[in-house]
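Colleague: I've got this one open on my screen and I'd like a close look at a single part, the sheet and what packs on it. Could you walk me through that?

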Amino acid sequence: MSPDVLPPESLVAEYVEMALDEFPEHLPGPEPTGDLVRSIQRLGVIEPVIVVKRGSLVKLADGRRRVKAARKAGLERIPALVYSAVSLLSSTMTIVLNQQRANNPVAELRAIQDLMEAGASEALVREATGM
């Protein structure tokens, strides 16, 4: 594996409660369903969102609909798994998450573009993402 890509065992996340105002006000993607909003009103956010932090920059890697639904449900904080990003980790995680869900090819392509613009070679992108 390339030295620019972290092995999976080195990825350590911190479980935190994040304030919703720490996320961008406008998030791309579909709006949450009424069922999701009602479920979050009753039970809260059960599955934490995934966040990648690089210095003071916070990037929501997974959970846009949960963030939107939590706002509509009137919550102020939600659970999050926060990974500290180094090198190309943030874009790589976005690609892998989308591959595992197989539902957002646009986000996957944007993350690949981010990797390439950051100087990653095609070989490094293939190695980092298993593509």
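**The sheet and its surroundings**

Modeller: Sure. Helix α2, residues 64-72, lies across β2 (49-54), β3 and β4, and runs at about 105 degrees to β3. Bear in mind that this is a predicted model.

Now the sheet itself. It is an open one built from 4 strands, in the order β1-β4-β2-β3, with mixed pairing. The edges are taken by β1 and β3 (57-62); each has a single partner strand, so one side of each has no neighbour in the sheet. Ignoring direction, neighbouring strands here are turned by 40 degrees against each other on average.

Take the β1 edge. Its pairing with β4 (residues 77-84) is antiparallel and covers 7 bridges. If you want a spot to click on, Val 16 has Ala 80 in β4 as its bridge partner.

Over at the other edge, look at Asp 62, which sits in strand β3. Asp 62 has a relative accessible area of 10%, so it counts as buried, the cut-off being under 20%. The side chain of Asp 62 also makes a polar contact of 3.2 Å with the side chain of Arg 66.

One last stop is the loop between β1 (13-19) and α1 (34-43), where you'll find Glu 25. Glu 25 counts as exposed because its relative accessibility is 64%, and the cut-off for that is over 50%. Glu 25 and Val 67 are 42 residues apart along the chain, with their C-alpha atoms separated by 9.8 Å.

Key. Residues numbered from 1 in each chain as written. Predicted model: local features only at pLDDT ≥ 70, side-chain atom pairs only at ≥ 80, totals over all residues. Heavy atoms only, no water. Helix = DSSP H or I, 4+ residues; strand = E, 2+ residues; numbered from the N terminus. Buried < 20%, exposed > 50% of the residue type's maximum accessible area, 1.4 Å probe, protein only. Pairing = 2+ DSSP bridges. Axes fitted to C-alpha atoms, helices over the stretch in contact; angles between N-to-C directions. Contact = heavy atoms within 4.5 Å. Polar contact = N/O pair within 3.5 Å; in protein donor to acceptor, adjacent residues only side chain to side chain.
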